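Hi there,

Here is the structure I promised to pass on to you. Please open it alongside this message, and then read on for what turned up.

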Amino acid sequence: MLDLAAVRAQFPALALTHDGGPRTYLDNPAGTQVPQVVLDRMGEALVEFNANMHGNFRTSERATEQSHRAHAHMAEFYNARSDREIVFGPNMTTLTFQMARVLGTRFREGDEIITTHMEHEGNNWPWRTMAAERGLVVKTVPFHRDTYELDLDAFGDMITSRTRFAALNVASNLLGTINPVKQMVAALREAGAITYLDAVQYAPHGVIDVQELDCDFLVASSYKFYGPHQGILYGREELLSSLPAYKLRTVPDVTPDRYETGTQSLEGQAGVIGALEYLAWVGREFGSDLRPADGELSDRTRDLRAGMRAMVAHEETLSARLISGLQAIDGVHVHGITDPAAFGRRVPTVSITAPGLDPAALATFLDAHGVYVWNGHSYALPVVEFLGIADQGGVVRTGPTHYNTLDEIDRCVSLVEQYLGAH
Ligand SMILES: Cc1ncc(COP(=O)(O)O)c(C=O)c1O
């Protein structure tokens, strides 16, 4: 079980105040705060070995070594087979546009691709752009408007002998639903399709294992899991090394270098190492009973998984309290899974609307009380369009993470109640 005081003490931002009162960060689905170790790692990279890679002098050698370490750590986080399967980039969206350009070369006019109405725009528009350029047919899996879960029958019907590719969301950044991607990837693989998973919203809230998922690509962003702004792509090595890469002549034609265009953010990669060190620390300190048994996994992967599971156990308590609290308020509608029996199929990202509610006005009211939440569509345009709520200002989105407390949840809920009672 997490020792919340010890956990919170790691995050300098949690000690800051808002007009003399506490700050309550419930904007975590958009980005989390960072622990001290991330700041230390980034500072170290910028002071002690702030040099470009591949030089024949000490600081450059250390920068090169650190970048190798960042790839190796992420390979352990994703359980990739090798660090050659890890590509760093500025963020998920940029990496996805890059991969759409690369993968587009594999497809022919009339080929079919599948995506869903549950995507973030970053896993939607790059593929629709690719489809428009290449004359591909796009099929979009709907979700049930009552359960907020994908319509798997419709998905099954969409797979044909022309299906070449699918871009799927692991967890929705608006609804919170965790999609059954393992099962979906298996069906797509059988049809010979390439699969691309968006794990940006899922990565802070669950264990990722690309070998178990058997996907071809998976992408996440470390600013959602306590690190700096960095996108990290997993790609199956055979594909990464055989697809065409849009690279400069000066870059060696090896994976992952051929995809890591230009000078990378080495301080960002240092911060990713720090974020994973933090996660492993949580595992060792508070997750000993949740550690996977000895087996094929590395020690670090086992620590990381123990850390993630310890976090998730606390987050489940927070999200249950948040959802039941919000639902009990007159007029509030939670757009996402609310059945406690199905909470294992959601992350703690919780979006609400209410009749006549201006989401921006409620977010502004909460901010006046030091509670930070998002309003609008949060780039989940496919979701708000499918739900028909794009024109009313979208939703108010709250999202606790492992460093939040039950008191913070209660305070947020009672402020929402106070606001709605007065408007
Ligand atoms: C599910 C999901 N996918 C993609 C993204 C885009 O990630 P990035 O900001 O790294 O481009 C986000 C960001 O909020 C997200 O939540």
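Below is a walk through the domains, the sheets, the helices, the ligand and two backbone details.

One thing to keep in mind from the start is that this is a predicted model.

**The two domains**

The domain assignment splits the protein into domain 1, made of 4-35 + 299-422, and domain 2, covering 39-276. If you take the centres over C-alpha atoms, domain 1 and domain 2 are 26 Å apart. Where they meet, 33 residues of domain 1 are in contact with 35 residues of domain 2. On the domain 1 side, α11, β12, α13 (381-387) and β15 each bring at least two residues to that contact. Helix α11 gives the largest share of this side, with seven residues. Sorted by class, the side of domain 1 that touches domain 2 holds 18 nonpolar, nine polar and six charged residues.

**The seven-stranded sheet**

One open sheet has seven strands, in the order β4-β10-β9-β8-β7-β5-β6, and its pairing is mixed. The edges are taken by β4 (86-89) and β6 (137-141); each has a single partner strand, so one side of each is left without a neighbour in the sheet. On average, neighbouring strands here are turned by 20° against each other, direction ignored.

For a look inside this sheet, try β7 (residues 163-169) and β8 (residues 194-198), which pair in the parallel sense over five bridges. A handy landmark is A167, which stands opposite Y196 in β8.

Two helices are worth finding next to these strands. Helix α3 (residues 58-78) lies across β4, β9 (217-221) and β10 (231-235), and runs at about 115° to β4. Helix α5 (residues 125-134) lies across β5 (112-116), β6 and β7, and its angle to β5 is about 160°.

**The four-stranded sheet**

Another open sheet is built from four strands in the order β11-β12-β15-β14, with antiparallel pairing. Its edge strands are β11 (333-334) and β14 (374-376); because each has a single partner strand, one side of each is left without a neighbour in the sheet. Strands β14 and β15 (residues 395-398) run antiparallel and are joined by three bridges. Within that pair, G376 has V395 of β15 as its bridge partner. Helix α11 (residues 299-327) lies across β11, β12 (350-353) and β15, running at about 5° to β12.

**How α10 meets α11**

Helix α11 also has a helix as a neighbour: its axis and that of α10 (residues 266-286) come within 7 Å and cross at roughly 75°. That makes α10 roughly perpendicular to α11. Among the residues making the contact are L276, L279 and F286 from α10, and L304, M308 and M311 from α11. By class, the contact of α10 with α11 has 10 nonpolar, two polar and four charged residues.

**Around the ligand**

Which residues come nearest to the ligand? Of the 15 residues around it, they are N91, T93, H120, N173 and S221. As for the kinds of residue in this shell, four are nonpolar, 10 are polar and one is charged.

**Two backbone details**

The peptide bond from T255 to P256 is cis, and its omega is near 5°. To find this spot, go to the loop between α9 (237-242) and α10, where P256 sits. The other detail is D19, a residue other than glycine with a positive phi, near 50°. Look for D19 in the loop between β1 (17-18) and β2 (21-22).

If you would like a starting point, try α11, which lies across three strands of the four-stranded sheet, crosses α10 and supplies seven residues to the side of domain 1 that touches domain 2.

Enjoy exploring, and all the best!

How values were computed:
Residues are numbered from 1 along each chain as its sequence is written. This is a predicted model: local features need pLDDT of at least 70, side-chain atom pairs count only at pLDDT 80 or more; totals for chains, interfaces and linings use all residues. Two strands pair if DSSP finds at least two bridges between them. Two residues are in contact if their C-beta atoms, placed from the backbone, lie within 7 Å. Axes are lines fitted to C-alpha atoms, for helices over the stretch in contact, and angles run from 0 to 180 degrees between N-to-C directions. A residue is near a molecule or strand if its C-beta atom, placed from the backbone, lies within 6 Å of it. Ala, Val, Leu, Ile, Met, Phe, Trp, Tyr, Cys and Pro count as nonpolar, Asp, Glu, Lys and Arg as charged, and the others, Gly among them, as polar. Angles under 35 degrees count as roughly parallel, over 145 as roughly antiparallel, 65 to 115 as roughly perpendicular and the rest as oblique. Domain bounds come from an automatic or database domain assignment.
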